[in-house]
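Good morning, colleagues. I should like to take you through one structure today, and I ask that you keep the display in view as I speak.

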Amino acid sequence: INKYNYFIKDAYNAGHTIALHTYSHEYSTVYASVDAYFDDLNKVGQMVKNEIGFVPHYIRFPGGSSNRISKNYCHGIMSQLTREVIKQGYQYYDWNGDTTDASGNHIPTATIIKQATSETHQNIVLLAHDTDAKDTTVAALPSIIQYYKEKGYQFLGIDDESYYVHHDIQN
């Protein structure tokens, strides 16, 4: 058990939506097969359930549903998974806005702000990360939030009525 798992409950108790991403984030493991993906998803689901009492049904695939790296491990797996997760009661989310913080560590804050505030969609799902090496993303968030609020956007938690983005499947 990870000593930081209590943050999941803290976030939930603060009113944030909890979604599932991955337990291992090892593409070679997660995308080895459909069963391997669901083994990983069930692991993270149980970990979250231990903190908040239920398994969330909102997910984001490692690399997004359009990832091509999965093809290295299992041809056609994303085509299968995107159908199967829906069948099993999950909703998956991709993004139509990107901070580009996945492109490296300690990306300059100004670069993140510029990229993240370049979106003009009516509904924006913005990809951002929160590891130790993404400290500049955290620093950029107040400016990004202020920018979109000034443009009239609202920031909402995900629920069953939420707008979702699905990428074109590449595998």
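I shall treat the helix packing, then a salt bridge, and then several individual residues.

First, the conventions. This is a predicted model, in which local features need pLDDT of at least 70 and side-chain atom pairs count only at pLDDT 80 or more, while totals for chains, interfaces and linings use all residues. Residues are numbered from 1 along each chain as its sequence is written, and side-chain values use heavy atoms, with hydrogens and water left out. Helices (DSSP runs of H or I, at least four residues) and strands (runs of E, at least two) are numbered from the N terminus.

Let me begin with helix 1 and helix 3. Their axes lie 8 Å apart, and the two helices pack at an angle of about 60°. An axis here is a line fitted to C-alpha atoms, for helices over the stretch in contact, and the angle runs from 0 to 180 degrees between N-to-C directions. Helix 1 is therefore oblique to helix 3. On that scale, angles under 35 degrees count as roughly parallel, over 145 as roughly antiparallel, 65 to 115 as roughly perpendicular, and the rest as oblique. The crossing of helix 1 and helix 3 is right-handed; that is, the near helix is turned clockwise from the far one by less than a right angle, whereas anticlockwise would make it left-handed.

Which residues make this contact, on helix 1 and on helix 3? Helix 1 contributes Tyr-6, Ile-8, Lys-9 and Tyr-12, and helix 3 contributes Met-47, Val-48, Glu-51 and Ile-52. Contact means heavy atoms within 4.5 Å. By class, the contact of helix 1 with helix 3 has 6 nonpolar, no polar and 2 charged residues. In this scheme Ala, Val, Leu, Ile, Met, Phe, Trp, Tyr, Cys and Pro are nonpolar, Asp, Glu, Lys and Arg are charged, and the others, Gly among them, are polar.

Helix 3, residues 34–52, also meets helix 4, residues 77–87: their axes come within 10 Å and cross at roughly 50°. Helix 3 and helix 4 are therefore oblique to each other, and their crossing is right-handed. On the helix 3 side, Val-34, Tyr-37 and Phe-38 take part; on the helix 4 side, Ile-77, Gln-80, Leu-81, Glu-84 and Val-85 do so. The residues of this contact of helix 3 with helix 4 comprise 6 nonpolar, 1 polar and 1 charged.

Glu-84 appears again in a salt bridge, where its side chain meets that of Lys-87 at 3.6 Å, N to O. The rule asks for a side-chain nitrogen of Lys or Arg within 4 Å of a carboxyl oxygen of Asp or Glu, and by this rule the count comes to 1 salt bridge. Both partners, Lys-87 and Glu-84, belong to helix 4 and stand 3 residues apart, about one turn of the helix. Are they buried or exposed? Lys-87 counts as exposed because its relative accessibility is 67%, while Glu-84, at 23%, is partly exposed. The bounds are under 20% relative accessible area for buried, over 50% for exposed, and partly exposed in between, with a 1.4 Å probe and protein chains only.

The third pair is helix 5, residues 109–116, with helix 6, residues 135–150, whose axes come within 9 Å and cross at roughly 35°. This crossing of helix 5 and helix 6 is right-handed. The contact of helix 5 with helix 6 has 7 nonpolar, 4 polar and no charged residues.

I turn now to individual residues. Pro-56 lies in the loop between helix 3 and strand 1, and it is buried, with a relative accessible area of 2%. Neighbours within four places in sequence aside, Pro-56 is in contact with Ile-18, Ala-19, Leu-20, Val-48 and Tyr-90.

Where does a positive phi occur in a residue other than glycine? One such residue is His-25, with phi near 55°, in the loop between helix 1 and helix 2. Another is Thr-100, at about 60°, in the loop between strand 3 and helix 5. His-25 is partly exposed at 37% relative accessibility, and Thr-100 is partly exposed at 23%.

Lastly, His-166 lies in the segment after helix 6 and is partly exposed, at 30%. Not counting residues up to four places away in sequence, His-166 touches Gln-91, Tyr-92 and Asp-94.
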